Structure formats: C-alpha cells, structure tokens
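Please describe some local features of this structure for a reader who is meeting it for the first time, covering selected residues, a helix pair and the enclosed and open spaces.

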Amino acid sequence: MADTTEPPTGNSTTTGTPSGRADNPTPHRPSWKHIGPGIVVAATGVGAGDLVATLIAGSNFGYTLLWAAIVGCLVKISLAEAAGRWHLATGRTLFDGWASLGRWTTWFFVVYVVVWGFVYGAAAMSSSALPLQALFPQVMDLEWWAIACGLVGLVFVWFNKYAVFEKVMTVLVGVMFVVTVYLAIRVTPHLGEAFAGLLPVLPDEKDSVLNTLGLIGGVGGTITLAAYGYWVNAKGWTDAGWMRVMRLDNRVAYLTTGVFVVAMLFVGAELLHSANVAIASGDKGLVQLSDILEARYGSATAKFFLIGFFATSFTSLIGVWHGVSLMFADFVARSRGRVDTTGTEVASGRRERSWPFRAYLLWLTFPPIVLLFQGQPFRLIILYGVLGAAFLPFLAGTLLWLLNSSRTPGPWRNGLLSNGMLVLAGLLFLVLCVKQIADQPWGDFF
C-alpha cells in the first residue's frame with residue numbers, strides 16, 4: 001500500500017540517483033485503459049487452492065472471517081506496490097536489488113525457483129486438469145489432461161509476447177469474475193451477517209488465531225507478487241512517471257482478488273456452513289463443490305462452475321510460466337554480467353525470447369510430468385513447503401531493506417504507511433513460516 005503523498009512531477013534532468021535516472025520524469029495520467037499487469041497478478045495469484053481455502057473458511061466459520069480475507073488483500077497490495085515501485089523508481093529489477101544485499105539472496109532464489117518450480121509445475125498442471133476431467137470424463141485420464149494443459153501453456157507462453165499474454169489473461173479473469181459473482185448471488189447471501197463479518201473478531205474455536213492468519217496470508221499469490229514488477233516493465237512502464245498508473249493498476253488487482261475471495265466465502269458460508277457440509281482441502285474440494293452445486297442447482301450451474309474452475313487454475317499456470325520465467329531470465333542475465341539497468345530488456349520483449357526464459361519454461365513443464373505418474377517425493381514436498389513458506393517473509397524483509405536505503409531515490413523511499421504495512425506483512429508471514437516449518441514431519445525426513 002502506497003503513501004498518498006506524491007513527490008513533485010515534471011520534466012527534469014538526471015540527478016545522482018543510484019540508477020542514474022531522472023528523479024522527476026514526465027508523469028502519466030492514471031487511466032483505466034492502462035490497466036493490465038494488475039489483472040495478470042490477480043489472475044495468477046488466485047489459484048484453485050486459494051478459492052478452496054476461502055471456501056473452507058466460509059464453511060467452518062460462516063461470515064466471521066470476512067474481515068480477514070479483506071485484510072489479506074490489503075497486505076498483498078503493499079507487497080505488490082513495493083515491488084512495482086522499486087522497478088519504476090530505480091530502473092533496476094527486483095533480482096538486481098536482491099543481489100545488492102548479498103550472495104545469500106541469490107542462493108535462496110536459485111534453490112527456491114528450482115525446487116518450487118519442479119513441484120509447482122506438477123501441481124499447476126493437475127489443478128488445470130481436474131475440471132477438464134470432470135467435464136469430459138470419457139476423453140482421457142487425469143494425468144494426460146494435466147500433460148495437455150502443461151504443453152498448451154508452454155506453447156502459448158513460448159510463442160507470444162506480453163501483450164497477447166495480457167489479453168488472454170484478461171479474458172480468463174472475466175470468466176472467473178462472472179462465475180464467482182454468479183455463484184455468490186445464486187446462493188443468496190445474508191448481507192446483514194456479511195456486514196457483521198467486517199468486524200475484526202476471532203472464531204471461538206481452537207487455533208482460531210492461526211486459522212485467521214492463514215486466511216490472511218493465503219489471499220492472492222506468493223512469488224507472483226515479486227513478478228509484478230517484471231510485468232510492469234513488460235507493459236512498457238520503465239520509469240517513475242508511471243508510478244501513479246502502477247498504483248491504480250495494483251489497487252484494481254487486489255479489488256479483483258477481493259471480489260473472488262469474498263464471493264467464494266459467501267458460497268462457503270451459505271452453501272456449506274448452513275448445511276454443515278465439509279469438503280476436502282486442495283483442488284479436489286472444488287470438484288466436490290461442483291457435485292454439490294449440481295445436486296442443488298442442476299448440471300448447467302455445475303458445468304458453468306467447472307469452466308470458472310478451469311479459468312482460475314489455467315491463469316495461475318500460464319501466469320507462473322510467464323512471470324517466474326522472466327525472473328529466472330533476469331537472474332541468469334545478471335549472473336553472466338549482463339545487468340539490465342533500464343528495464344528496457346523486459347519492456348522490449350527480448351527477455352521473453354531469451355534462452356534462459358525458455359529453459360525455465362521447459363523446466364516447469366517436462367520434469368514435473370514424472371511427478372504426475374509417480375507421486376510426489378516425500379522429502380521434496382517438505383522442502384517445497386518450507387521454501388514456499390519462507391518466500392513471503394523474504395520478500396517483505398528485502399523490500400523493507402531496499403526501499404529504506406540509498407538504493408532507492410529519496411522521493412520514492414518508504415513512508416510510515418508503507419513501512420507499517422510491510423512490517424505487518426513480514427511479521428504475519430514469519431509467524432506462518434515458523435508454523436509451517438514446525439508442522440513438517442522432520443522425524444521422517446532424515
């Protein structure tokens with residue numbers, strides 16, 4: 001979340017900032033026609049797992065935790081805004097900023113993207129395949145649907161630049177939006193109870209604090225928050241003159257995310273909580289929900305929901321295929337001494353045609369196919385869980401460091417509001433990280 005005070009804008013000459021850029025480039029007027037990277041980050045960040053977690057929160061607690069879902073959106077706004085502000089204010093990529101903090105950041109990133117990408121590739125393909133297999137059960141088995149989704153995502157991202165990618169993501173977000181809002185209206189929410197859920201109270205149950213923190217932390221993305229700055233550059237926004245546009249774009253992203261999350265919480269509260277119906281965690285919970293919808297509202301509503309389920313999962317797949325591949329390409333370029341100090345490498349589309357970008361695309365697609373047929377190795381899953389839990393504290397902490405130091409031009413450093421939100425985000429995700437690590441069955445790991 002940004003501070004509301006803007007530094008003076010207008011044409012100026014370059015000053016001695018760390019990036020060698022103008023402090024006050026010509027500002028661009030915020031306009032809805034510019035919106036794009038925010039839609040991409042919202043679509044990528046909200047996966048099937050996020051919708052299931054919110055659905056289960058609604059089924060367990062009714063509307064009690066509606067406020068927590070909204071706080072989660074606000075926390076993620078602060079992280080995405082900070083990542084975008086770093087790219088625009090300094091002209092340096094986020095990985096370039098991380099590398100300036102020491103070699104430990106590089107090692108963390110490398111291990112994270114290699115292990116995380118291997119496991120996430122299988123998870124994303126399976127998630128996209130589940131609704132297709134439910135819609136067309138006689139066509140082929142789940143594993144082959146998953147491989148087909150992965151290959152379609154690979155081909156699409158390989159041959160298209162950001163502009164086409166953004167348009168397709170926008171269409172799929174439109175499908176997600178229509179489906180989730182339709183379901184929320186169809187279950188006829190009790191608006192009085194929903195408004196009461198805006199009051200910050202905790203459920204009167206065991207582990208309610210951790211459940212609440214988990215819901216806040218689970219709203220809308222992990223590494224995709226870091227990828228937001230790369231999508232901002234890919235859109236052609238490369239200097240601080242785009243700052244106000246980026247902030248509008250970012251707010252639209254998490255308003256959209258908020259609609260998805262609140263709509264699914266309504267569905268959980270009305271359809272599951274009132275009937276005391278439990279569903280499984282993970283993506284299969286959405287397949288169960290389609291069965292419940294079919295029994296209550298008919299097969300047309302169930303199929304409509306499965307189409308929205310596919311849009312939700314597939315946007316996460318191609319979003320990661322594109323965004324994290326951009327980050328990996330940036331890492332390789334910097335490791336080879338080819339540092340992009342202007343953001344033009346990403347903006348021009350050259351990074352999308354580079355061999356590191358495409359190599360990571362292949363890594364996300366082909367090695368994970370093994371996991372689809374053999375199950376996911378136990379130790380790898382533990383490492384994946386720990387790295388995933390550690391990423392958001394890492395992101396919040398490093399953004400605090402970067403945006404309060406001389407690496408960022410003075411007018412664009414953090415103010416009290418930005419610092420407060422990033423500290424809140426860091427503490428929240430640190431608690432969740434410690435819990436995640438403590439919950440791992442380490443005794444079976446060794």
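Gly150 lies in helix H6, which spans residues 142-159; helices here are DSSP runs of H or I with at least four residues, and strands are runs of E with at least two, numbered from the N terminus. The model is a predicted one, in which local features need pLDDT of at least 70 and side-chain atom pairs count only at pLDDT 80 or more, while totals for chains, interfaces and linings use all residues. Residues are numbered from 1 along each chain as its sequence is written, and side-chain values use heavy atoms, with hydrogens and water left out.

Gly150 has a relative accessible area of 0% and is therefore buried, where buried means under 20% relative accessible area, exposed over 50%, and partly exposed in between, with a 1.4 Å probe and protein chains only. Apart from its neighbours within four places in sequence, Gly150 is in contact with Met125, Leu317, Trp321 and Thr365, contact meaning heavy atoms within 4.5 Å. Phe366 is 216 residues away from Gly150 in sequence, yet their C-alpha atoms are 8.2 Å apart in space.

Ser128 belongs to helix H5, residues 103-135, and its relative accessibility is 0%, so Ser128 counts as buried. When residues up to four places away in sequence are not counted, Ser128 touches Cys149, Phe310, Ser313, Phe314 and Leu317. Thr188, by contrast, sits in the loop between H7 and H8 and counts as exposed because its relative accessibility is 53%. Although Thr188 is not a glycine, it has a positive phi of about 55 degrees.

The three residues can be set side by side.

| Residue | Place | Relative accessibility |
|---|---|---|
| Gly150 | helix H6 (residues 142-159) | 0% |
| Ser128 | helix H5 (residues 103-135) | 0% |
| Thr188 | loop between H7 and H8 | 53% |

Helix H7 (residues 162-186) packs against helix H11 (residues 243-273) at an angle of about 35 degrees, their axes being 8 Å apart; axes are lines fitted to C-alpha atoms, for helices over the stretch in contact, and angles run from 0 to 180 degrees between N-to-C directions. On the H7 side the meeting residues are Val173, Met176, Phe177, Thr180, Val181, Leu183 and Ala184, and on the H11 side they are Thr256, Val259, Phe260, Ala263, Met264, Phe266 and Val267. By class, this contact of H7 with H11 comprises twelve nonpolar, two polar and no charged residues, where Ala, Val, Leu, Ile, Met, Phe, Trp, Tyr, Cys and Pro count as nonpolar, Asp, Glu, Lys and Arg as charged, and the others, Gly among them, as polar.

The largest cavity has a volume of about 50 Å³. On a 1 Å grid over the protein atoms alone, a cavity is a set of points where a 1.4 Å probe fits but cannot get out, a pocket is an open set with protein on both sides within 12 Å along at least five of seven lines, and lining residues have an atom within 4 Å of a point. The lining of the largest cavity includes Met176, Thr180 and Leu183, as well as Met264, and H7 and helix H13 (299-335) each supply at least two of its residues. Its lining has eight nonpolar, three polar and no charged residues.

The second largest pocket holds about 250 Å³ of space. Of its 16 lining residues, Leu66, Ile70, Leu198, Gly258 and Val262 are the closest to its centre. H11 gives the most to this lining, with seven residues.

Methods
Grid points are joined across faces, edges and corners, and a volume is the space filled by probe spheres set on the points.
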